[in-house]
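Here is a short briefing to read alongside the sequence and the 3D view. Have a look around the chain, then go through the points by topic.

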Amino acid sequence: MVKREMIVDVAALDLTTVVADIEAIRQFNPQRFEMEQLTAIVYEDVDKLICVGYKDVTDREFWIRGHMPDAPLMPGVIICEAAAQIAGFFTMKHNLLGNANVIGLGGLTNVRFRDPVRIGDRLVLAVRAIKMRRGVMVHCEFQGFVEGRMVVEGEIKGMDLPPEVLQAG
């Protein structure tokens, strides 16, 4: 896979200016407790369909005890979940699919992990919507950075989950 151009220059962003804190994120994302993988949203560009947020990786993460004992690394699937949560937040907040219920993970492609994410890192994730089918799905590209280095990149698809899928079984 050819390395993509940067979605946004993360070094030029003010990560201290929070656009949405965890309470604001909860207004659009259903994840709670251990599955909340975002700390804050710090940048949105509705015209370019870009959203940037971050996850502060602490020593209280649910995966630390088992992934990898004595040298915990943030699991790639959790990194992808964080990217999906930013995409879902942005899609729901700006009604990109037109009155969607909840955005669910529809697929991942071209994902490449370049460096590990560890306890104490701030994982900054940039997501850009590149294709949408109203009422059906959103296709985004994403990139993740730690201290300015790209640690992950890929593409993610989100789909509108119908209400019956979300009902308790």
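The radius of gyration of the protein chain is 15 Å, and a compact globule with 169 residues would have one near 15 Å, so the two agree. Please keep in mind that this is a predicted model.

**Overall dimensions and packing**
- Taken along the principal axes, the box filled by the C-alpha atoms of the protein chain is roughly 45 × 40 × 35 Å.
- Of the 169 residues in the protein chain, 47% are buried.
- Counting contacts between residues at least 6 apart in sequence, 65% join residues at least 24 apart.

**Secondary structure**
- The protein chain has 3 helices and 6 strands.
- Reading from the N terminus, you will meet these elements in the order α-β-β-α-β-β-β-β-α.

**Surface and charge**
- About 8,900 Å² of the protein chain is exposed, and carbon and sulfur atoms supply 52% of that area.
- The protein chain carries 19 positive and 23 negative charges, and the mean positions of these two sets are 5 Å apart.

**A look at L108**
- You can find L108 in strand 3, which covers residues 102-113.
- L108 counts as partly exposed because its relative accessibility is 36%, between the 20% limit for buried and the 50% limit for exposed.
- Leaving out residues up to four places away in sequence, L108 touches C80, F142, E155 and I156.
- M74 is 34 residues from L108 along the chain, and the C-alpha atoms of M74 and L108 are separated by 18 Å.

Key. Residues are numbered from 1 along each chain as its sequence is written. This is a predicted model: local features need pLDDT of at least 70, side-chain atom pairs count only at pLDDT 80 or more; totals for chains, interfaces and linings use all residues. Side-chain values use heavy atoms; hydrogens and water are left out. Helices (H or I, at least four residues) and strands (E, at least two) are DSSP runs, numbered from the N terminus. The radius of gyration is taken over C-alpha atoms; the globule rule is 2.2 Å times the number of residues to the power 0.38. Buried means under 20% relative accessible area, exposed over 50%, partly exposed in between (1.4 Å probe, protein chains only). Contact means heavy atoms within 4.5 Å. Accessible areas come from the Shrake-Rupley method with a 1.4 Å probe; for residues, only the protein chains shown count as cover. Lys and Arg count as positive and Asp and Glu as negative; His and the chain ends are not counted. The place of a charge is taken as NZ of Lys, CZ of Arg, CG of Asp or CD of Glu.
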